[in-house]
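Hi everyone, thanks for making time. Have a look at the structure on the screen, and I'll walk you through a few parts of it.

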Amino acid sequence: MHEMSLALEILRIVEETALQNQAAVVKEIFVEVGTLAGVTIPALEFCLEVVKKDTAADGAAIRINQVPGKGRCPTCGSEYPMATLIEPCPVCDTSYLAMTAGDDLRVREIEVEGQI
Amino acid sequence: MCDTCGCGQPDGQGVKIIKPGEKAVEGDGHQNHNRHHHHDHGYDHDHEHGHPPTETIKVQQDILGANNLVAARNRTFFEEHGILALNLMSSPGSGKTTLLERTIKELGAYRWAVIEGDQQTTLDAERIERAGADAVQVNTGTGCHLDASMVSRALESLTLPPGAVLAIENVGNLVCPALFDLGESRRVVIVSTPEGSDKPLKYPTILRDAHLCVINKLDLLPYVDFDLDLFKENCRRVNPRMEFVALSATVGTGLAGWFAWIEQAYHGLQPEAG
């Protein structure tokens with residue numbers, strides 16, 4: 001599954017950041033995942049738990065924040081929540097929303113402790 | 001364990017770039033993920049003397065950023081050399097390789113080159129070479145998708161003259177390849193008639209950013225439950241601008257529409273051409 005590739009890349013970003021800041025231990029990793037990003041959060045959490053072993057982030061808590069999806073109706077122009085990629089406009093019904101938010105996939109910040 | 005470059009895997013499974021008939025090139029697969037192994041910083045987990053203060057470090061880095069950077073380099077390379085690069089994605093068995101074989105044989109006006117992606121074997125790259133195009137095989141081992149780095153590495157083993165058409169046949173998978181920009185000019189999703197008219201509703205992510213949907217195995221329509229109009233309608237719910245061609249790569253029906261789309265895409269890259 002692609003969540004493993006993503007977990008490895010998150011770990012690389014985290015370790016690079018810790019190293020650049022001469023931090024010894026990573027305590028928390030904050031990740032933003034949009035509802036419409038095409039990523040399964042429990043799978044990502046599982047993969048992160050696996051890949052962080054024996055690294056500076058070994059004991060880090062994984063904090064994944066789910067960013068809600070939003071979409072605009074091409075007919076009425078209004079914006080509505082969008083939980084899946086195929087959502088009819090709640091007002092116009094036959095028109096389908098075009099995504100305006102919710103495909104985030106980002107390492108937001110890390111909490112570190114100690115100096116190397 | 002790394003499913004992209006295979007480092008740390010005891011059986012040595014990793015991404016391999018193979019020219020049919022030659023030895024595999026493993027190369028340096030660590031461009032985007034330098035290391036996964038234990039860094040000995042002497043972590044002090046002994047807290048009897050109290051916790052050192054914690055510090056928040058803002059990162060704000062896109063997880064796909066590293067891949068997108070390599071993809072952008074690939075894209076620049078293709079644009080600078082007038083190369084039309086197609087990312088072909090589908091479920092395993094939808095007919096990507098058969099369609100490519102047919103296209104290479106019948107659309108001889110173009111110089112074709114192909115990057116084949118599969119977990120194992122060079123079978124597809126060998127088929128492409130027999131059809132008359134230069135091909136290189138990427139074996140992902142346990143990986144489920146191609147990424148921009150693999151394409152970049154594969155290009156080193158391929159003869160790709162300016163003005164060529166490059167087909168990148170992604171790993172058969174309707175889920176994972178969607179997230180990984182390869183630097184392609186166009187994204188093509190291939191669905192075959194036995195897969196059903198509701199496929200777009202079940203797998204919207206891969207359709208959202210595609211330019212063309214090829215409906216293959218038209219010859220099987222009398223034997224399967226597939227409604228072409230309903231299929232297109234379902235596709236348009238997630239991608240209103242999706243273009244369609246329906247064909248049979250084995251029998252030959254509808255190939256003219258596919259060739260016309262390629263020609264249009266190709267000439268879109270060459271603004272000076274007549």
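When I say helix or strand, I mean a DSSP run: at least four residues of H or I for a helix, and at least two of E for a strand. Keep in mind that this is a predicted model. On that basis, chain B has eight helices and nine strands. Of its 274 residues, 54% are buried.

Let's pick one strand from chain B. Where does β3(B), residues 84-90, sit: enclosed or not? Seven of its seven residues are buried, so the strand is largely enclosed by the rest of the structure. You can see this on both faces: B:L84, B:L86, B:L88 and B:S90 are buried on one side, and B:A85, B:N87 and B:M89 are buried on the other.

And which strands does β3(B) pair with? One is β6(B), residues 165-169, running parallel and joined by five bridges. Another is β7(B), residues 186-192, also parallel, over five bridges. B:L88 shows both pairings nicely: its bridge partner in β6(B) is B:E169, and in β7(B) it is B:V188.

Now to the nonpolar cores. The largest has 60 residues, and A:L6, A:I10 and A:V26 are among those with the most contacts inside it. Helix α1 of chain A, residues 2-20, gives the most to this core, with nine residues. Take A:L6: leaving aside neighbours within four places in sequence, its contacts include A:V39 and A:L105, as well as B:I63 and B:F180 from chain B. Apart from that core lies another, of 31 residues, including B:A125 and B:F259.

Definitions and conventions:
Residues numbered from 1 in each chain as written. Chains lettered and ligands numbered in written order. Predicted model: local features only at pLDDT ≥ 70, side-chain atom pairs only at ≥ 80, totals over all residues. Heavy atoms only, no water. Core = buried A, V, L, I, M, F, W, Y, C linked by side-chain atoms within 4.5 Å. Buried < 20%, exposed > 50% of the residue type's maximum accessible area, 1.4 Å probe, protein only. Contact = heavy atoms within 4.5 Å. Pairing = 2+ DSSP bridges.
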